[in-house]
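Okay, thanks for squeezing me in. I'd like to walk you through one structure today, so have a look at it on the screen while I talk.

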Amino acid sequence: MSAVSQSHAVSIPRRGLMLILSSPSGAGKTTLTRDLLQDRSLNLELSISVTTRPRRSSEVDGIHYLFKSRQEFERMRAQDDLLEWAEVHGNFYGTPRSPVEAVLTQGRDMLFDIDYQGTQQVRQKAQDDVVTIFILPPSFKELRARLERRAEDAADVIAKRLENARNELTRWPSYDYVIVNEDIQVALASVKSILVAERLKRTRQQAGVETFVGQLLGET
Ligand code: 5GP
C-alpha cells in the first residue's frame, strides 16, 4: 500500500454530548434544528419529544414529536420513562429517556429542542454531558412577525406564545452560549462552531486520549 492510499483517520472514542437549543417560540430554532439535522456530516441525532399538544398540519407523528394523549403522557411520567418534562403553553412535553442513553453510549451526539425548564432538569441529571445554547430573535417585532407568518396556530395560541415569549426571553443567563438569530446562515455556522469546539474538549476525550497517547509513546 502506498503512503498516499493509507488511511490516517484517527478517531478518539468519547461519550456523546447533549446539545440543547432553547428559545422563545418564533426565534427560528425549528429552522436551525432542521438545518443541523440535514447536515449529515454533523452526525447529530434528534431527541424526539412526546407531547400532548395537537399536531400541526405540517407535522408528522414520530418525526417531529410523538403525539400522546394526556393519559399516555402521565403513564410515561409515572413509569419514569421521561428524562425531563414540562408544561409549556398549557401542554405537556417530555424527553423519552432510553433513546438518549443509547445514543450517548454509542459516542454519538444528540440534539434537543426543549425549553428552559427541561434544560434545568437535564443539567441537574447529566451536567457533564450537556451543552446549552439560547437563541434570541433580533427584535420582538421580528419574533411576532415569525409567529404570525407561521399561521399554523390559532390567533389565541399566537397571543399566548407572544405573552410567554417575554418571560422566556429572560432565561438566557442559565445557558452556556447565546446566539442572536438575525441571519439563519450565520446562526447555523455559530452552532456548528460550538459543536466542533465542545467535541474537542479534553474532558470529553479524556479516556480516549490517554489510550491514544499511550500508543504514541509505545511506537518505536
Ligand atoms: P412547540 O409547541 O412550538 O413545538 O414547542 C413549544 C416549546 O416546547 C418550545 O420552546 C420547545 O422547545 C419546547 N419543548 C419541545 N419539546 C420539549 C420537551 O421534550 N421538553 C421540554 N421541556 N420542552 C419541550
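**A buried glutamate, and onwards from there**

Let me start with Glu198, which counts as buried because its relative accessibility is just 4%. Before I go on, keep in mind that this is a predicted model.

So what does Glu198 pair with? Its salt-bridge partner is Lys201, and the closest N and O atoms there are 3.5 Å apart. Lys201 itself is partly exposed, at a relative accessible area of 40%.

Okay, let me zoom out. We have 220 residues in the chain, and 42% of them are buried. There are eight helices and nine strands. Along the principal axes, the C-alpha atoms fill a box of roughly 70 × 40 × 35 Å. The accessible surface is about 12400 Å², with 52% of that belonging to carbon and sulfur atoms. And if you take the contacts with a separation of 6 or more, 68% of them are between residues 24 or more positions apart.

Back to charges. The structure holds 16 salt bridges in total, and I'll pick out a couple more. Arg108 bridges to Glu45, with 2.9 Å between the closest N and O atoms. Arg108 sits in the loop between helix H3 (97–105) and strand S7 (109–113), while Glu45 is in strand S2, so this pair ties together parts that are 63 residues apart in sequence. Both ends are partly exposed: Arg108 has a relative accessible area of 21%, and Glu45 has 28%.

Now, Arg199 and Asp109. Their closest N and O atoms are 2.6 Å apart, and they form a salt bridge. Here, too, distant parts of the chain get linked, with Arg199 in helix H7 and Asp109 in strand S7, 90 residues apart. Buried or exposed, these two? Both Arg199 and Asp109 are buried. And Arg14 joins in, making a salt-bridge network with Asp109 and Arg199.

One more charged residue while we're here: Lys29, in helix H1. At 11% relative accessibility, Lys29 counts as buried. Leaving out residues up to four places away in sequence, Lys29 touches Leu21, Ser22, Ser23 and Asp113.

On to the greasy part. In soluble globular proteins, nonpolar side chains tend to be buried together. In this model, the largest nonpolar core has 18 residues, and the ones with the most contacts inside it are Leu19, Leu36, Ile133, Ile179 and Val191. Which elements supply at least two residues each? Those are strand S1 (18–22), helix H1 (29–38), strand S8 (130–136) and helix H7 (184–199). H7 gives the largest share, five residues. There's another core apart from this one, with 12 residues, including Val103, Leu104, Val122 and Ala126.

If you want one residue to click on, try Leu19. Setting aside neighbours within four places in sequence, Leu19 is in contact with Met110, Leu111, Phe112, Val131, Ile133, Val191 and Leu195.

There's some nonpolar material on the outside as well. Val209, Val213, Leu216 and Leu217 make a surface patch, with about 340 Å² of accessible area together. Val209 belongs to helix H8 (residues 202–218), and Val209 is partly exposed at 30% relative accessible area.

Next, the aromatics. How many aromatic pairs does the structure hold? Five. Take Phe73 and Phe92: the ring centres are 5.5 Å apart and the planes sit at 25°, so this pair is stacked. Phe73 comes from helix H2 (residues 70–78) and Phe92 from strand S6, so the pair ties together parts that are 19 residues apart in sequence. Phe73 and Phe92 are both buried. Elsewhere on the aromatic list, Tyr65, Phe67 and Tyr93 form one cluster.

Last stop, the loops. Gly90 is in the loop between strand S5 (82–88) and strand S6 (91–96), and Gly90 is partly exposed, at 36%. Beyond its neighbours within four places in sequence, Gly90 is in contact with Arg70 and Lys160. Gly90 and Lys160 are 70 residues apart in sequence, with 9.5 Å between their C-alphas.

And then some backbone angles. Most residues other than glycine have a negative phi. Asn43 isn't a glycine, yet its phi is positive, about 55°. You'll find Asn43 in the loop between H1 and strand S2 (44–46), partly exposed at 38% relative accessible area. Asp80 has a positive phi too, about 60°, and Asp80 is in the loop between H2 and S5.

Okay, that's my tour.

How values were computed: Residues numbered from 1 in each chain as written. Predicted model: local features only at pLDDT ≥ 70, side-chain atom pairs only at ≥ 80, totals over all residues. Heavy atoms only, no water. Core = buried A, V, L, I, M, F, W, Y, C linked by side-chain atoms within 4.5 Å. Buried < 20%, exposed > 50% of the residue type's maximum accessible area, 1.4 Å probe, protein only. Helix = DSSP H or I, 4+ residues; strand = E, 2+ residues; numbered from the N terminus. Contact = heavy atoms within 4.5 Å. Patch = residues over 30% accessible without salt bridge, like charges linked within 9 Å, V, L, I, M, F, W, Y side chains within 5 Å. Areas by Shrake-Rupley, 256 points an atom, 1.4 Å probe, with all protein chains shown as cover. Salt bridge = Lys/Arg side-chain N within 4 Å of Asp/Glu carboxyl O. Phe/Tyr/Trp six-rings, centres within 6.5 Å; stacked < 30°, edge-to-face > 60°.
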